[in-house]
Number of protein chains: 2
Amino acid sequence: MKERKIILPEKDMPRRWYNIQADMPNPLQPPLNPATKKPAGPEDLSAIFPMALIEQEVSSERFIDIPEEVLNIYSMWRPSPLYRAYKLEEALGTPAKIYYKHEGVSPAGSHKPNTAVAQAYYNKAAGIKRLSTETGAGQWGSSLALACNYFDMECKVFMVKISYTQKPYRRSMMEVWGADVYASPTEMTKSGRDVLAKDADSNGSLGIAISEAVEDAAGRDDTNYSLGSVLNHVMLHQTIIGQECHKQLEMVGEYPDFVIGCCGGGSNFAGISFPFLHDKIRDDRKVRAIAVEPEACPTLSKGAFTYDYGDVAMYTPLLMMYTLGHDFMPPGIHAGGLRYHGESPLVSQLYNDGLIEARAYGQEGVFEAALTFSRTEGILPAPETAHAIKAAIDVAMECKEAGEEKTILFNLSGHGHFDLTAYDDYLAGKIKDVDYPQELIDQSIASLEKIV
Amino acid sequence: MKERKIILPEKDMPRRWYNIQADMPNPLQPPLNPATKKPAGPEDLSAIFPMALIEQEVSSERFIDIPEEVLNIYSMWRPSPLYRAYKLEEALGTPAKIYYKHEGVSPAGSHKPNTAVAQAYYNKAAGIKRLSTETGAGQWGSSLALACNYFDMECKVFMVKISYTQKPYRRSMMEVWGADVYASPTEMTKSGRDVLAKDADSNGSLGIAISEAVEDAAGRDDTNYSLGSVLNHVMLHQTIIGQECHKQLEMVGEYPDFVIGCCGGGSNFAGISFPFLHDKIRDDRKVRAIAVEPEACPTLSKGAFTYDYGDVAMYTPLLMMYTLGHDFMPPGIHAGGLRYHGESPLVSQLYNDGLIEARAYGQEGVFEAALTFSRTEGILPAPETAHAIKAAIDVAMECKEAGEEKTILFNLSGHGHFDLTAYDDYLAGKIKDVDYPQELIDQSIASLEKIV
């Protein structure tokens, strides 16, 4: 019998996060203050973030120690198992070896707690009692709720109203962990009231929810804001994923030719790929890192590399990143976590420097891949994660055609237990590819030229 | 940092199931043919079960080899992790050590695939192409769907109509794994049509769904019936749970004083406890095994030990077991998997012989325990599982009062990702204890005297 699971003992869990800023050939451009458009300093961020995270945001230390208290919580589910996908390989008839890292084993069901726990810890240490955040489908909100629960902090979640109504299970999960969840737009913030004044029946959007959460945090001394992707410190915290994979693959004498992750704001892709990009940059290893996007929101594939806001209301600092424009409204697809107009500045810079690749896929192919995976490996992936699976399958089939026994590693970033409506739609033939019209992307990007 | 997870390597996974029939001080009473009321022979069962399972049903071999093909599927998620519940212990302030076995890591989310995979394998080996079954809330149906998917068999699930409507996610999950799921009662069987003729709007019941599934299997040569609990071979297959625990506790130099499982038909309780009862019977170990029931359906605590039918329609063989009467209709509680009038004959005999104990709890205390567990250990348990947690917490608090450092092991039989509506109700104060009136239990049991 072949061993399927490669288990790293708890005692061998990485004790440091890897900071790719130490190794990038070209440094990041600084974020800009949205009002002055001058480089933003720590003081621009200290109203909503603790100094420890602001320091991580700009650090050039290669490795940053993970606090003992964070390791202690990580050990609830980490190290996460690495699987060899024997059944998938067999079904594809590929000579490639496929490995996947199962981040869905966290209590919240995805990789998001890796940063939520760290952020809660640093905020708690800075005397903060309460965190506010936004959530779309609920993966991030439930992760922060879990983290705040562990550090005995209050957690206020502005959940996009349409998700609040359509995904009640995620809301319940947050409440089980003690969070206060509100359907955004609310009457509790000026930004929420402004939206409701114009449209009392507004379904909300991630952009609106971010504005409400930031406003809530900025207005209270005991409260900070917490973001689940995009920022450098978030990417940093996720690198435990790739570092574990590194050790696990070593245990079976393997090194990946391909490292694959789905990519919305960039955090799970960064988490699995950065520790291997370390080897690529420093030791010239030939590993290829592939970020996978939806065709409906092809930020890296079709966006511009320029300064843009993180939100629709233009409250956030300007970030140098690949973007489809902060006004870009992606069509409604089931992978809600990948519907973001921008991209992590770190991932963006690496893409611009040719160190990583991007692929974009339509929904139909993605769900076909999700079904193939569910019926071979058993685990039901989240629709976001299924993008990585689709790419892994495609690469494996390319290996089959070329007769090459390559090693593929992808991140199973989350399970799909709360996404079964999407599977239902797929099985009923209701899921179709949604190509976003190129002219609208062009128009949205053109409007960016005026910003800086 | 203390190690939380005790991981048994795949190569050390048990290779045999443990058959407690070899060690019981008093043997089981034989099942009776429902028509003749004479002991049922293999020929009474061969219309719907393969001979290999019928042989296991009556075997007195102490250990039965697990086929390589079954081990191969088990290794998708087995050995499952054993956790030390440090955070729960700390919250309780108990000197007791609490361990839990996480069976929720299977793709279907519970221990049920342990027998589903074995049953699919033996049926496939006997040339059967199709399995039919019933499911209530969907835990069993999704496990059999998963198993049939692996052995490339068709799977037909009669799902109680009210669950089909109220728990669409479980239905979707079965369909993802390729099963055909129908809202029972259907027009496809005589038993379904009979019910619909009387009540076209019937919400269905487990009893009706069993009748439809048995009828479907009996009427087709290529189809057998599959049951997820109660029968001896089901208990047998689940013993891999307790055997793994045995090895895992040995790895940390522990042996349990208490082994706890929730108990509906008995399979997860049997799975975790039988391998320790082996030691109790043969080596006089002082381990106490506690089966935990809902107060609303207190089969062991308040039932009679007598012959009864497994279903409302009286199609099944008569089994000697603890029962509340096949007419007993438990009140609607959220732990749907524990709403069964009868009990595994093996568990029943052991209870009658004083080798195991039973406790019954009301819903309120059970959900309070579920919340305590979710907020300490992170994992959201199924409402059924929360009964075992409630008992584990109670025992731990008894240890605290007595100042005793006992070792408690319980089975975390499944996650609650599809049960969040119940948590919602609890948080909204809508969950109350439901005591079933004693006189109705007495009445239902009294009617049994006429059977044999």
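## Exercises: two chains and one tryptophan

In this predicted model, Glu10(A) and Lys5(B) join their side chains in a salt bridge, with N and O 3.2 Å apart. Let's work outward from there.

**Exercise 1.** Show how the pair Glu10(A) and Lys5(B) fits the salt-bridge rule, then find how many such bridges cross the interface.

*Solution.* Start with the cut-off: a side-chain nitrogen of Lys or Arg must lie within 4 Å of a carboxyl oxygen of Asp or Glu. Here the N to O distance is 3.2 Å, so the pair passes the 4 Å test. Across the interface of chain B and chain A, the rule finds four salt bridges.

**Exercise 2.** Describe the contact between chain B and chain A, beginning with its residues.

*Solution.* First, chain B brings 49 residues and chain A brings 50. Next, the two chains bury about 4,300 Å² between them, and 54% of that is on carbon and sulfur atoms. Then come the polar contacts: 37 residue pairs, with both residues at pLDDT 80 or more. On the side of chain B that touches chain A, several helices give two or more residues, including H3 (68-74) and H17 (420-427). H8(B) gives the most, six residues. Sorted by class, this side of chain B has 23 nonpolar, 11 polar and 15 charged residues.

**Exercise 3.** Is Trp17(A) buried or exposed?

*Solution.* Locate the residue first: Trp17(A) sits in strand E2 (residues 16-18) of chain A. Its relative accessibility is 0%, so Trp17(A) counts as buried. Now look at its surroundings. The side chains of Trp17(A) and Tyr74(A) make a polar contact at 3.4 Å. Pro275(A) is 258 residues away along the chain, yet the C-alpha atoms of Trp17(A) and Pro275(A) are separated by 9.3 Å.

Key. Residues numbered from 1 in each chain as written. Chains lettered and ligands numbered in written order. Predicted model: local features only at pLDDT ≥ 70, side-chain atom pairs only at ≥ 80, totals over all residues. Heavy atoms only, no water. Contact = heavy atoms within 4.5 Å. Buried area = accessible area lost by both parts, 1.4 Å probe. Polar contact = N/O pair within 3.5 Å; in protein donor to acceptor, adjacent residues only side chain to side chain. Helix = DSSP H or I, 4+ residues; strand = E, 2+ residues; numbered from the N terminus. Nonpolar A, V, L, I, M, F, W, Y, C, P; charged D, E, K, R; others polar. Buried < 20%, exposed > 50% of the residue type's maximum accessible area, 1.4 Å probe, protein only.
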